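This report follows charged and aromatic side-chain contacts in one protein chain, starting from a helix. The sequence and the structure come next.

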Amino acid sequence: IGYSAALHDIGKMSIDSALLRKRGSLTPAERQEMELHTEYGWQILRQSDRLRMAADIARCHHERWDGQGYPRGLAGEAIPLAARIVALCDVYDALRSPRPYKEGMAHEDVRERLAAADGHFDPAVRSCFLAYHESFAAIYADLVDRKPARADGPTPDLP
């Protein structure tokens with residue numbers, strides 16, 4: 001899952017770089033284009049049987065437990081487990097990380113937001129995060145100095 005998760009946003013290679021660097025809110029048309037990165041990633045990765053998990057993650061990491069995600073509106077266990085795990089990790093990273101259009105959030109603030117995000121994540125995955133959230137903070141702190149700056153689109157909408 002670690003190797004596959006690293007490819008979750010590969011479809012953004014097919015998105016206009018100006019859109020990826022945009023500061024501020026996206027228009028509805030821009031959001032629609034940005035959401036296509038999941039399908040683009042799936043199309044790239046599905047070519048190889050060895051990348052099947054990566055393809056599932058790329059396509060489904062923006063699906064939501066309650067069915068309100070994209071691209072297919074999958075809900076619950078219809079979402080591949082690896083994608084459900086990466087979805088929470090991706091949101092954690094997006095909220096913690098500074099972007100050209102926002103400051104990064106403190107770990108405790110992100111923990112509170114994820115704890116309150118009913119319907120967004122698999123409840124079992126969210127419970128695991130909440131039980132081990134301090135490990136997430138430690139891993140983030142360890143990696144943040146080695147992480148290249150990215151301009152990869154808007155932060156996911158959460159309560």
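## Helix α6 and its surroundings

In this predicted model, helix α6 covers residues 81-96, and its 16 residues, at 1.5 Å a residue, should span 22 Å, which agrees with the 23 Å that separates its end C-alpha atoms. Of those 16 residues, 13 are buried, so helix α6 is largely enclosed by the rest of the structure.

One residue of this helix deserves a closer look. Is Tyr92 buried or exposed? With a relative accessible area of 3%, below the 20% limit for the term, Tyr92 counts as buried.

## Aromatic contacts

A pair of aromatic rings is described by the distance of the centres and the angle of the planes. The count of aromatic pairs in the model comes to four. Among them is the pair of Tyr92 and Phe136, whose ring centres lie 5.4 Å apart and whose planes meet at 70 degrees, so the arrangement is edge-to-face. This pair links distant parts of the chain, since Tyr92 belongs to helix α6 and Phe136 to helix α9 (residues 133-144), with their positions 44 residues apart in the numbering. Tyr92 also forms an edge-to-face pair with Tyr140, at 6.2 Å centre to centre and with 80 degrees between the planes. Because Tyr92 lies in helix α6 and Tyr140 in helix α9, this contact ties together parts that are 48 residues apart in sequence. Tyr140 is buried as well, its relative accessible area being 11%. Tyr92, Phe129, Phe136 and Tyr140 form one aromatic cluster.

## Charged side chains

Side chains of opposite charge can pair when their charged atoms come close. The structure holds eight salt bridges, including those in the table.

| Basic residue | Acidic residue | Closest N and O atoms |
|---|---|---|
| Lys12 | Asp9 | 3.5 Å |
| Arg52 | Asp49 | 3.0 Å |
| Arg64 | Asp66 | 2.6 Å |

The surroundings of these pairs can be described through accessibility. Both Lys12 and Asp9 are buried, whereas Asp49, the partner of Arg52, counts as exposed at 62% relative accessibility. Asp66, which pairs with Arg64, is partly exposed, with a relative accessible area of 34%.

Charged groups also meet an aromatic ring in this model. Which residue has its charged end over the ring of Trp42, 3.7 Å from its centre? It is Arg59 whose charged end sits there, while Arg46 lies over the face of Trp42 at 4.5 Å from the ring centre.

Notes
Residues are numbered from 1 along each chain as its sequence is written. Side-chain values use heavy atoms; hydrogens and water are left out. A salt bridge is a side-chain nitrogen of Lys or Arg within 4 Å of a carboxyl oxygen of Asp or Glu. Buried means under 20% relative accessible area, exposed over 50%, partly exposed in between (1.4 Å probe, protein chains only). Helices (H or I, at least four residues) and strands (E, at least two) are DSSP runs, numbered from the N terminus. The expected span of a helix is 1.5 Å times one less than its number of residues. Rings of Phe, Tyr and Trp (its six-membered ring) pair if their centres lie within 6.5 Å; planes under 30 degrees apart count as stacked, over 60 as edge-to-face and the rest as tilted. A charge sits over a ring if NZ of Lys or CZ of Arg is within 6 Å of the ring centre and within 35 degrees of the ring normal.
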